[in-house]
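Morning, everyone. Please have a look at the chain on the screen, and then I'll walk you through a few side chains and strands.

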Amino acid sequence: MSNEFWAEFNKLLTPIPEVSLEYRIYYNESGDITGCSMQDHPEGTHLVVSKEEYDHYFLYRIVNGALKKIE
């Protein structure tokens with residue numbers, strides 16, 4: 001087998017780096033949530049939140065710069 005084959009084979013054995021996620025909720029001046037991201041973050045006013053808060057973002061709004069559950 002050629003060296004090229006073994007070079008490609010060894011690439012397959014290289015571990016895939018673990019992706020680090022940061023959960024963000026973006027909001028406007030009124031406290032309305034305008035978007036969410038977990039990677040490749042856009043610019044904007046945001047809060048870093050837990051995965052559970054991120055998954056249920058529609059239950060919240062932003063009050064005085066903090067996440068507040070809608071009653």
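Let me fix one term before anything else. I call it a salt bridge when a side-chain nitrogen of Lys or Arg lies within 4 Å of a carboxyl oxygen of Asp or Glu. Keep in mind that this is a predicted model.

So, how many salt bridges does this rule give? The count comes to four. I'll take you through some of them.

Start in helix α1, which covers residues 3–13. Glu8 and Lys11 form a salt bridge there, at 3.2 Å from N to O. Why can these two meet? They are three residues apart in the helix, so about one helical turn separates them. Lys11 is exposed, because its relative accessible area is 55% and the cut-off is over 50%. Glu8 comes out as partly exposed, at 44%.

Next, helix α2, residues 51–55. Lys51 and Asp55 make a salt bridge, with their closest N and O atoms 2.8 Å apart. Here the spacing is four residues, again about one helical turn. Lys51 is partly exposed, with a relative accessible area of 43%. Asp55 is partly exposed too, at 36%.

Now a pair that is not in a helix. Asp32 and Arg61 meet in a salt bridge of 2.9 Å, N to O. This pair links distant parts of the chain, with the two positions 29 residues apart in numbering. Where does each partner sit? Asp32 is in the loop between β1 and β2, and Arg61 is in strand β4, residues 60–63. Asp32 is partly exposed, at 34% relative accessible area. Arg61 is partly exposed, at 32%.

On to the sheet. It is open, has three strands, and runs in the order β2-β1-β3 with antiparallel pairing. Which strands stand at the edges? Those are β2 and β3. Each has a single partner strand, so one side of each is left without a neighbour in the sheet. From one strand to the next, the twist averages 25°.

Take the pairings in turn. Four bridges join β1 to β2, in antiparallel fashion. These two strands form a hairpin, with five residues between them. In that turn, Gly31 has a positive phi of about 90°. On the other side, β1 and β3 also pair antiparallel, over four bridges.

One residue brings the sheet together for us: Arg24, in strand β1, residues 23–27. In β2, Arg24 stands opposite Ser37. In β3, its bridge partner is Val48.

Is Arg24 buried or exposed? Buried, because its relative accessibility is 16% and the cut-off is under 20%. What does Arg24 touch, leaving out residues up to four places away in sequence? The list includes Gly35, Cys36 and Ser37, then His41 and Pro42, then His46, Leu47 and Val48, and also Tyr54. So both of its bridge partners, Ser37 and Val48, appear among those contacts.

One more item on this side chain. Arg24 has a polar contact with the side chain of Glu22, at 2.7 Å.

To recap. The salt bridges number four. The one between Asp32 and Arg61 links distant parts of the chain. Arg24 is buried, with Ser37 opposite in β2 and Val48 as its partner in β3. That's it from me. Over to you.

Terms used
Residues numbered from 1 in each chain as written. Predicted model: local features only at pLDDT ≥ 70, side-chain atom pairs only at ≥ 80, totals over all residues. Heavy atoms only, no water. Buried < 20%, exposed > 50% of the residue type's maximum accessible area, 1.4 Å probe, protein only. Polar contact = N/O pair within 3.5 Å; in protein donor to acceptor, adjacent residues only side chain to side chain. Contact = heavy atoms within 4.5 Å. Pairing = 2+ DSSP bridges. Axes fitted to C-alpha atoms, helices over the stretch in contact; angles between N-to-C directions.
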